[in-house]
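Let us read this structure through the terms that are used to describe it, asking each time how a value meets a definition.

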Amino acid sequence: LTSAAESISEGNFDVEVASKRTDELGRLSRAVQSMANRLDDYLAGQKRFLGDIAHELCSPLARLRMSLGVLESKIPQEEHGNLDSLNEEAEELSQLVNELLDFSRASIALEALPAHEVVLADLLEEVAQREGQEAVFKIEAAPDLRISTNHDLLRRALANVVRNASRYAGEAGPIELRAEVKGEEVIIQVRDSGPGIPEEWIEKVFEPFSRPERARTREGGGAGLGLAIARTCVEGLGGRIRARNREEGGLVVEVEICAKLHGREG
């Protein structure tokens with residue numbers, strides 16, 4: 001029961017503790033089991049609800065952007081500036097809808113996903129180039145380190161973590177992307193030299209729509225879904241993701257995956 005409670009507190013509701021005992025311990029075990037099942041159903045329903053909302057928003061948003069484009073072509077040139085703020089709002093709404101869709105898609109069960117041979121050094125390089133904007137990266141991964149996992153889900157998880165690091169710490173120095181093997185686990189780290197986050201937010205940042213107050217600005221961007229998407233993707237791969245502040249300043253986001261290793265020499 002203690003182990004199940006700890007698992008539930010970490011967001012893992014796949015526990016089996018129900019007992020047929022007729023005493024207080026039996027009642028407690030069934031209550032814990034019922035709670036875990038209801039929480040699992042609730043979160044699954046929440047993700048479906050967000051995905052349905054995002055899908056419903058796509059069509060009117062597309063019509064809105066099309067109408068803005070038509071309007072821009074018909075009004076005098078000197079009036080175009082008045083449409084800039086509307087275009088910015090539409091773009092921000094579009095990004096939010098895309099994040100909601102990503103969050104919903106990331107909930108697909110691992111059994112429904114194919115496994116691929118992934119060269120981690122190549123994947124980290126790809127993610128850095130696509131998501132790093134103007135940040136500088138330092139990649140440390142053995143060129144022959146290959147794992148068997150779902151490429152798309154792992155790429156989506158890392159892309160959100162790297163995008164987050166680039167957004168908040170891209171100007172503070174190189175962002176380090178590391179991949180190494182520890183026992184039967186593959187550890188992937190994204191390390192930055194930015195301001196880090198308050199200790200009380202270390203766990204909260206992986207919850208949907210949660211961001212430290214100092215990040216709640218339009219300039220900071222995002223809707224607080226990036227790391228939630230990353231966590232859902234990593235958990236879909238059977239792994240874990242955690243964050244911690246670096247003693248020398250900055251944040252480390254660590255992805256731990258138990259994946260079958262492919263031929264690695266040296």
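Two strands count as paired if DSSP finds at least two bridges between them, and strands (E, at least two residues) and helices (H or I, at least four) are DSSP runs numbered from the N terminus. The model is a predicted one, in which local features need pLDDT of at least 70 and side-chain atom pairs count only at pLDDT 80 or more, while totals for chains, interfaces and linings use all residues. Residues are numbered from 1 along each chain as its sequence is written, and side-chain values use heavy atoms, with hydrogens and water left out.

Q: What makes β6 and β7 a pair of strands?
A: They are joined over 6 bridges in the antiparallel sense, and the definition asks for at least two; one bridge links Ala243 to Val253 in β7.

Q: Why is one side of β2 and of β6 left without a neighbour in the sheet?
A: The open sheet runs in the order β2-β4-β5-β7-β6, with mixed pairing. Both β2 (137-141) and β6 (240-245) stand at its edges, each with a single partner strand, so one side of each has no neighbour there.

Q: How do you know that the span of helix α2 agrees with what is expected?
A: The expected span is 1.5 Å times one less than the number of residues. For the 51 residues of α2 (residues 24-74) this gives 75 Å, and the end C-alpha atoms are 74 Å apart, which agrees.

Q: Where in α2 does a kink lie?
A: A kink of about 30° lies at Cys58, shortly before the proline Pro60, the bend being the angle between axes fitted to the seven residues ending at a residue and the seven starting there.
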